[in-house]
Amino acid sequence: MAISTVLNFVYPPPPSVFTTAASVTIVASLAIVGLSEARGVHLQYSKFALAPNRKVPSRTGMLLFYSPAFLAGLASFLIFPDGDLRFLVLRSAISLHFFKRILEVLFIHKFSGRMGMNSMVVISLIYFLSTVSLIYSQHLSQGLPEPPVGLLYPGIALFLIGITGNLYHHILLSKLRKEGEGEYKIPKGGLFGWVICPHYLFEVIDFVGISFISQSVFSCSWTLATFFYLLGRSYASRRWYASKFEDFPGDVKALIPFIF
């Protein structure tokens, strides 16, 4: 009964060991990483970049986070020149997602420090392999009957809301300090009055949109994994701000307004 209900919303899982393993691995690994973040063991970037050595400049590291995944998205148009509307929209959305992140690194974010090389490699690999798995899983769904409940157009709407909200709050963060300044401030404006990481909230919405566009098992797994990780990272961020600023407002949540 439960499986038949789920299959109203997603394509049947393809008979692929690779995509099945990728779906399980991404959820398990990012859930563990998110729990580690909440417990105080952080990936070494942004305010948590405390590794004593083997560091790279933050701007360089961020570019290496996103560039391989973006190139994988672009390459998919050459590798899979044919495909239905859903496949075209999915590849366009994931490529735009990472292209936007690269533009933010180049023109919006302010950087003052460095990040751990190991964290840079791990995050870059996760983004790249997840993008490849997403596109390949969608390729395997070509020619299958559409799920009874079509979510393509709601997915496009959610993706656009997510990517726009994420960009807006990144711009607000960038205005808090000048290039090279290392001092953090309590963010204000937008949804920062409700949650300390609204840019994470909109990134989750972005990925929910992508999973609606795709309607594949792997896309849902990646979205769930992203939520688990950002849940832990936002909890750690709120705890960090509360420890650094005596005037941090106690009613500001971590990720979900009024809830968490």
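**Figure 1. The whole chain, with its 8 helices and 2 strands.** In this predicted model, the elements follow one another along the sequence in the pattern α-α-β-α-α-β-α-α-α-α. The radius of gyration of the chain is 19 Å, close to the 18 Å that the globule rule gives for 260 residues, and the chain is therefore as compact as a globular protein of that length. Along its principal axes the C-alpha trace extends over about 55 × 35 × 30 Å. Of the contacts in the chain with a separation of 6 or more, 84% are accounted for by residues 24 or more positions apart.

**Figure 2. Surface, interior and charges of the chain.** Buried residues make up 47% of the 260 residues, while the accessible surface of the chain comes to about 12,700 Å², of which carbon and sulfur atoms provide 71%. The chain carries 21 positive and 13 negative side chains, and a distance of 7 Å separates the centres of these two sets.

**Figure 3. Two cysteines in a structure with 0 disulfides.** Cys-197 has a relative accessibility of 2% and counts as buried, because buried means under 20% relative accessible area. Cys-220 has a relative accessible area of 34%, which makes this residue partly exposed. A search of the whole structure finds 0 disulfides.

**Figure 4. Glu-37, a buried residue of helix 2.** Glu-37 lies in helix 2, and its relative accessible area is 0%, so this residue is buried. When residues up to four places away in sequence are not counted, Glu-37 touches His-42, Leu-43, Tyr-229, Gly-232, Arg-233, Ala-236 and Arg-239. One of these partners, Gly-232, is 195 residues apart from Glu-37 along the chain, yet the C-alpha atoms of the two residues are separated by 5.2 Å.

**Figure 5. Leu-43 in the loop between helix 2 and strand 1.** The loop that holds Leu-43 joins helix 2, which covers residues 17-39, to strand 1, which covers residues 55-57. Although Leu-43 belongs to a loop, its relative accessibility is 16%, and Leu-43 therefore counts as buried. Leaving aside neighbours within four places in sequence, Leu-43 is in contact with Val-33, Glu-37, Phe-48, Ser-119, Ile-123, Tyr-229 and Arg-233. The list of contacts for Leu-43 includes Tyr-229 and Arg-233, and these two residues also appear among the partners of Glu-37. Pro-148, by contrast, is 105 residues apart from Leu-43 along the chain, and the C-alpha atoms of these two residues are separated by 40 Å.

**Figure 6. Ser-46, a residue with a positive phi.** Ser-46 has its place in the loop between helix 2 and strand 1, and Leu-43 lies in the loop between these two elements as well. The phi of Ser-46 is positive, at about 60°, although this residue is not a glycine. With a relative accessible area of 37%, Ser-46 is partly exposed.

**Figure 7. Phe-258 in the segment after helix 8.** Helix 8 covers residues 217-244, and Phe-258 lies in the segment after this helix. Phe-258 is not a glycine, but its phi is positive, at about 70°. The relative accessible area of Phe-258 is 68%, and this residue is exposed because the term applies to values over 50%.

Note on methods: Residues are numbered from 1 along each chain as its sequence is written. This is a predicted model: local features need pLDDT of at least 70, side-chain atom pairs count only at pLDDT 80 or more; totals for chains, interfaces and linings use all residues. Side-chain values use heavy atoms; hydrogens and water are left out. Helices (H or I, at least four residues) and strands (E, at least two) are DSSP runs, numbered from the N terminus. The radius of gyration is taken over C-alpha atoms; the globule rule is 2.2 Å times the number of residues to the power 0.38. Buried means under 20% relative accessible area, exposed over 50%, partly exposed in between (1.4 Å probe, protein chains only). Contact means heavy atoms within 4.5 Å. Accessible areas come from the Shrake-Rupley method with a 1.4 Å probe; for residues, only the protein chains shown count as cover. Lys and Arg count as positive and Asp and Glu as negative; His and the chain ends are not counted. The place of a charge is taken as NZ of Lys, CZ of Arg, CG of Asp or CD of Glu. A disulfide is a pair of cysteine sulfur atoms within 2.5 Å.
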